[in-house]
Amino acid sequence: RTLDDTGSLVGKTALVRVDFNVPMEDGKVTDDTRLRVALPTIQTLRDAGARVALLAHFDRPKGKVVPSMSLKPVVDDLETLLGAPVRFADDCVGDAAKAAIGDIDAGGVILLENVRFHAGEEANDPAFARQLADLGDLYVNDAFSAAHRAHASTEGLARLLPAYAGESMRRELDALDAALGNPRKPVIGIVGGAKVSTKLDLLKNLVGQLDRLAIGGGMANTFLFAQGIDIGGSLAERDMADTALEIIGEAKAKGCELLLPVDFVVATEVKPGAASRVVMAGQPLSADDKILDAGPATVARLVEALTASKTLIWNGPLGVFEVPPFDTATVAVAHHAAALAQAGVLVAVGGGGDTVSALNHAGVADDMTFVSTAGGAFLEWMEGKPLPGVVALNV
Ligand code: 3PG
């Protein structure tokens, strides 16, 4: 159920779970993306005459009040973005929270203090969920990026009040469905990043669903090493070679074409502008050589594979994109994907951790079909796991 299904909200209080776990430095928000994505839901509820009480977590205070993890610094930014006052309550439950919510007018907005200041939040304690539920008439979950947590404000509360998916949650779920649930075929995945070990379940799930899977970044080195290709002194999980071979075997058995780098950019040091050279896979490397990016032949192959696909799901960079020139492959492939998305011939969805920074670095985040704001939730969804916060909305 979405915000279209709430019926009249005049005089009602909506408890809205948002994800304001934003990057902050010295008490200042340094990236307000997660605040921005919450605006449509907040505005829709305000327009409908509801009082909007925002529930959120920040960082991991582990059930204790940690002043440096207060959500208060978010208020100013949110007011500016919303163009309306936002009140703040020092606690998210109890009489003080109730009184503070009671003080706002219809259409008003209040942010409640970090739900993780209470141990009951992460424990999904029914008594704590009940205390939250006592504050409102309906529950809206707009925090897809926290939906992998079965916590009181993401899961328990959905079972105690009429529960709805907010605008951002709905957009995330629609995009994910278009990318993996019910995609236009052929579907290609690009999975990069440093380690195979953190993405094992994800790779295993994807080879069963995709037509093609390109592996890049440090994790590709483990696959190359497993196949007896010289990777010199590159980052790799050499003890995961057997697992890499298993994934290669599974991909073959399931008809998923695995695209591993056929050439790479090698340097002896990871620093901006470091001297580098292109090496074809299979050529000998020295112990000092580190593979830091995919090479031009690999990029050409990926460009061709993208052109032959109708859907892309992307998680993880292809090289050390933070250190130019080792951003070359990631930027080139991102530009091509975004151009195809803009031309309407590719549904291009990206998300998870570094991916958003990589797409921003390439300057194409806005040109993709959809870029998820989620880190861990996006990965768990790519692993095929049910997300408790989403499951609870559907029951
Ligand atoms: C995130 O930033 O990915 C979410 O807000 C979840 O945060 P968590 O990993 O601390 O649960």
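For sorting residues around a ligand, Ala, Val, Leu, Ile, Met, Phe, Trp, Tyr, Cys and Pro count as nonpolar, Asp, Glu, Lys and Arg as charged, and the others, Gly among them, as polar. Keep that in mind for the opening stop, and remember throughout that you're looking at a predicted model.

**Stop 1: the ligand**

Select the ligand and show what surrounds it: D19, N21, R60, S145, A146, R149, G375 and G376. Color that shell by class and you get one nonpolar residue, four polar and three charged.

Now bring in the annotation. An unreviewed UniProt entry lists a "binding site" at D19, F20, N21, R34, H57, F58, D59, R60, R116 and R149. Highlight that set while the ligand shell is still on screen.

**Stop 2: D19 and N21**

Zoom in on D19, in the loop that links β1 (13–17) to β2 (24–25). Is D19 buried or exposed? It's buried, because 26 other C-beta atoms lie within 10 Å and 20 or more is enough for that label. Setting aside neighbours within four places in sequence, select the contacts of D19: R34, A56, A143, S145 and A146. S145 and A146 should look familiar, as they also belong to the ligand's surroundings.

Stay in the loop between β1 and β2 and click on N21. N21 is buried too, since it has 20 other C-beta atoms within 10 Å. Which residues does N21 contact, leaving out those within four places in sequence? Select H57, F58 and D59; these three also appear in UniProt's "binding site" list.

**Stop 3: the other annotated site**

UniProt, again in an unreviewed entry, puts a "binding site" at K199, E322, G352, G353, D354 and T355. Pick E322 from that set: you'll find it in the loop between β15 (311–315) and α11 (328–342). With 15 other C-beta atoms within 10 Å, E322 is partly exposed.

Next, go to D354, in helix α12 (residues 354–362). D354 has 19 C-beta neighbours inside 10 Å, so it counts as partly exposed; the buried label starts at 20. Beyond residues up to four places away in sequence, D354 touches G193, G316 and P317.

**Stop 4: the six-stranded sheet**

Switch to cartoon view and trace an open sheet in the order β11-β10-β9-β15-β16-β17, with parallel pairing. Its edges are β11 (257–259) and β17 (370–371), each paired on one side only.

Inside the sheet, select β15 and strand β16 (residues 347–350): they run parallel and are joined by four bridges. To see a bridge pair up close, show I313 with V349, its partner in β16.

Then add the helices. Helix α7 (residues 200–207) packs on the sheet, touching β9 (187–191) and β10 (212–215), and its direction makes about 165° with that of β9. Turn to α11, which lies across β15 and β16 and runs at about 135° to β16.

**Stop 5: the three-stranded sheet**

Finish with an open sheet of three strands, ordered β13-β12-β14 and paired antiparallel. The edge strands here are β13 (276–280) and β14 (290–294), which each pair on one side only. From one strand to the next, the twist averages 40°.

Select strand β12 (residues 263–267) with β14: four bridges hold this antiparallel pair. Where in β14 is the bridge partner of A267? Show K290 to find it.

Methods. Residues numbered from 1 in each chain as written. Predicted model: local features only at pLDDT ≥ 70, side-chain atom pairs only at ≥ 80, totals over all residues. UniProt positions renumbered as here; feature names shortened; annotations may be inferred. Helix = DSSP H or I, 4+ residues; strand = E, 2+ residues; numbered from the N terminus. Buried ≥ 20, exposed ≤ 12 C-beta atoms within 10 Å, placed from the backbone. Contact = placed C-beta atoms within 7 Å. Pairing = 2+ DSSP bridges. Axes fitted to C-alpha atoms, helices over the stretch in contact; angles between N-to-C directions. Near = placed C-beta within 6 Å.
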